[in-house]
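Here's a quick briefing for anyone opening this structure for the first time. Take a look at it, then read on.

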Amino acid sequence: MAKGSIVAGCLAPHPPHLVYADNPEQNEPVSEGGWEQLRWGYERLRDSLKDVEYDVIVVLSPHWQTYVGTHFIGVEKCASKSVDPVFPNLFRFNYDLTIDVDLARAIHDQAKSEGMSVKMMENPDFRVDYGTIVSCHMVRPEWDKPIVSISSNRGLSYYSVEVMQEMMLELGRSTAKAIEESGKKCLLLASNSLSHRHFVTETNPPEDMSKEHITSHAMHLWDMRMIDLMRSGKSQQIINEMPEFCEQAIAESDGGALTWLLSAMDIPSQPATLHGYGTIIGTGNAIMEWPCHTWGEQ
Amino acid sequence: MMSGEIVKSLIVPAHPHPVLCPEKNEGWQNIRDAYDEARRQIEESDADLIIIYSTLWPSVIGHQIQADPNPEWVMVDADFHDLGSIHYSLRIDTDFAHAWNKANISRGLESRTVAYDGFPVDVGSVVALELLNPDNRIPAVICSTNVYSNRSETTVLAKACMDVVKSQGKKAVAVSVMSLSNRMFTEPIEPHEDRIHSLKDDEWNRKILEFLSEGRLEDIGQLSRTIHNQIRVKKVVAFKPMWWLSAMNDNRNDLTGEVLAYEPIHGAGAAVVVLNPESNGTGDKEYDEDDVEFYGGDRDVLDSKGDEPAIQVSNSGPALYDPVEGKNAVNTNKAPKPVGAYPHARREGDLIYLSGVGPRQPGDNSIPGGPIKDKNGNPLDYDIKAQTRAVVENISRILEEAGSSLDKVIDVTSFLVDMDRDFSGYNEVWAETLGKIGPTRTTLAIRALPTPIAVEMKVIAKA
Ligand SMILES: [Fe+2]
C-alpha cells in the first residue's frame, strides 16, 4: 500500500454568515449576499483544489468543545439539522454526511498510544457542530468526501496556551502518522478565525456591509502579522507567538486547530497562499492554503 | 395592580449524570435526590413560571431568550455522549419571553428572542427542566449568557426580567444552572473515582455554600470575580449567574438558604441550593457597587478611554429637607432629599406628579458625573451623560415607590443649565432610556438649579 499523505492544509474559518450569504439549498435562511471577499476567497480555494485528488477531509473545529480530552466522531452516517445557537437566525442547515470512521479511529489510536486523552464519539443522536459543517461546506459544497471530525480539547481553559499547544503538536504528529499509515490522501482543515472580538450588535439585515469592519486597529495588526507569517512560511514563529496572539487578539486559534494543522504538516517552511481575508461581525478571518501536494516527496 | 415575585431561587448543576446514570455513583444519586426534593418544593409552592439563566448557552449579540412554544429535540452532551441521549420536549411561556425581550430593550440591552425548529437547547437547561419540571406542568423561559456581558449588563438583565414578573403578576422560580468550581478531570474516570478536582476547589465550594446556606446571595455576587479567578476555568467571563440571581432577588443578603446536596460530577462542584425569600432575620445587604437600572452600551471596552468620572461629593448646595408627608404624598429614602418643603411625588387619581428630579444620590447626596462648580463657584468639568442617567434612575426609584414604573412615564419637562454644552449628551441618554418608552418632552435652558447640577426633570406618569 502506498503511503498516505496530506495533499493540502487549509485555514478554513467557519462563520455561518458565509453559508447564509451563499444561500445553499440546505440552509433555511435567505440573504441578499454579503461578505463577498471571503466567499470569493473560498471560491479561489475551491478552484485551487479542483484538480487535487483526495479521499478524506479531516477537520478540527473549535465548536465541538470537549473538556475531557480530544474526541472523534465514530458514527459513519450523520444526518440531522444543525442550528447555530449563537446565530440561529442565519444558520439552520440540513446535513447528511459520511464519517471515515476507520481513519478517525486510526488517529485516535495513534494519539492514545502517545499518551493523549482521547475518546470515540459513538452516540448516533450526536449533532455535528456547526463549525465543522460550515468549513466543510465552504471547501467542498458537494459533500461527496467523507470527513473526520475532531473536537477541540479546551486545554487552554485548564492550563495555558503553551500546554494546549503541546497537546495539539502531539495530535498533529499523530494525525500525520495515522494518515501516512492509512494510505489515504487527506485534506486538512483548521476551522477557525484569527482575531476574535465580536461586535455585540447585529445590523438589519445582517449582511449590511456598510457596518462590517475589524473591531480595532490592534486586531487588524495582529491579523496581518499572522497572515504575513503564514505567507512567508514562518510556521514556527506562529507557534512561538501563539500565547500573545491568543491573549491579545482573543484569537479563535485558542481552540488548537491552527497549531494542530501546522504540526500535522510538520511545521512547514513553505509559504501558504492567501485566498481571502475579511471580517465577520468584527472578527478577522483568513482563508489560507498550504499546497503540500506541490512540495514533492517529504 | 398585580404583584409578581420570585417565590424561590435555585442553583442547580448542569451535567447530565443525574438524569442519565444516577445509579452509577452515590454522589450523582444524591444530586438526583436533591433535584427531586427541589421539584417537590416547587410543586408545593404556587409557582407558575420557571426562569432559567444558563451558563451553557453562550450568546454574542446581546442576550437571547427562547420563544419557541415547544422546543423538541434529542440532546447529546459534547463530552459525556457515551452516557446516552436526552429527548426533550419543553413548554415555553412565549408571552413572558417576548415581554422580557421588550423589557431588556427598553432598559438599554441588546436582546432578541429565538424560535427555530431544531434549536439546540443547551444541556444545562435540558437537565434542569427534565428534573425540576418533568411533565411541563409549569411553563419555562430560558435566557442565554452573553459572553461579553459585565456585571451591570447582567444586573439590568435581571431587573428587566423582574419588570415582567411584576407586571404579569408571576410567581416565578429563578434558576441558575451552573457548576460551582467547574474544573473537570481531563481524562475519563470510573464513576467510583469521582471527587472534587482539588482541595482548593472543594474549600471554595464549601465557602460559597456556607454563604448561601445563610442566605447571603448578594455577598456571593460581590465575590463573583474572586471566585471566578480562584476556581473557574474560563468558559464564561466571571461567575455571572450569581450576579443575575442576586439581582433577581433585589440584591438581598438575608434570604433563607438550604443546601440540598453538594457532590462532585467528573471533578466539578455540583450543588443543589434552594433560596427562599423569607428573611432569615439577620444581616442587611451590603451593596457597594453601582446599582444600575439601565445599560448604557458596552462601556467602551474597545477604546482605551478611562472610566467614567468618579462620583464627587459637593457640599455647596442648599440645606436638605425631609420630604413632606402630605395627602397622597409618595416619598422614598431611595431618592435624594428635597431642597425645600415638598414631597418626592404626589398621586392624584390615575396620575403621579413628581417634583423636579435631579441626579443627586440618596444617602450621600453625591452627584454622578461630578458637580458643575465647586464650593467657591468655580466651574468644574462634569459628565452630563452620567448626570442624566442618574436623573432617570432617581425617577425610576420614585415611580417604583409609588407602585408605578419608568415605562409609565407620559410627559417630561427637562431643564438644562447649559444647552449648548449638554444637549447632545443629555439627548443621547434620553434616547437610550426614556426615549425608548416614548413620553412627550420639552427641554428648556435655565440659568441655574438650586444644587450644582446641570439637569433636572419634571415628570408626570400613570399610576
Ligand atoms: Fe467560531
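**How chain B's domains meet**

Between domain 1 of chain B and domain 2 of chain B, about 290 Å² of area is buried, with carbon and sulfur atoms giving 42% of it; buried area here is the accessible area (1.4 Å probe) that two parts lose on being put together, summed over both. Keep in mind that this is a predicted model, where local features need pLDDT of at least 70 and side-chain atom pairs count only at pLDDT 80 or more, while totals for chains, interfaces and linings use all residues. Side-chain values use heavy atoms, leaving out hydrogens and water.

**More on the two domains**

- Domain 1 of chain B covers 5–276 and domain 2 covers 310–462, with bounds from an automatic or database domain assignment.
- Their centres, taken over C-alpha atoms, are 38 Å apart.
- Each side puts 4 residues into the contact (heavy atoms within 4.5 Å).
- Salt bridges between the two domains number 0 (a side-chain nitrogen of Lys or Arg within 4 Å of a carboxyl oxygen of Asp or Glu).

**Nonpolar cores**

- The largest nonpolar core has 102 residues, and V58(A), L187(A) and W290(A) touch the most other members.
- Such a core is a set of buried Ala, Val, Leu, Ile, Met, Phe, Trp, Tyr and Cys residues joined through side-chain atoms within 4.5 Å, where buried means under 20% relative accessible area (1.4 Å probe, protein chains only).
- Another core lies apart from it, with 48 residues including F96(B) and L275(B).
- Leaving out residues up to four places away in sequence, L187(A) touches V58(A), V7(A) and Y54(A), among others.

Definitions and conventions:
Residues numbered from 1 in each chain as written. Chains lettered and ligands numbered in written order. Buried < 20%, exposed > 50% of the residue type's maximum accessible area, 1.4 Å probe, protein only.
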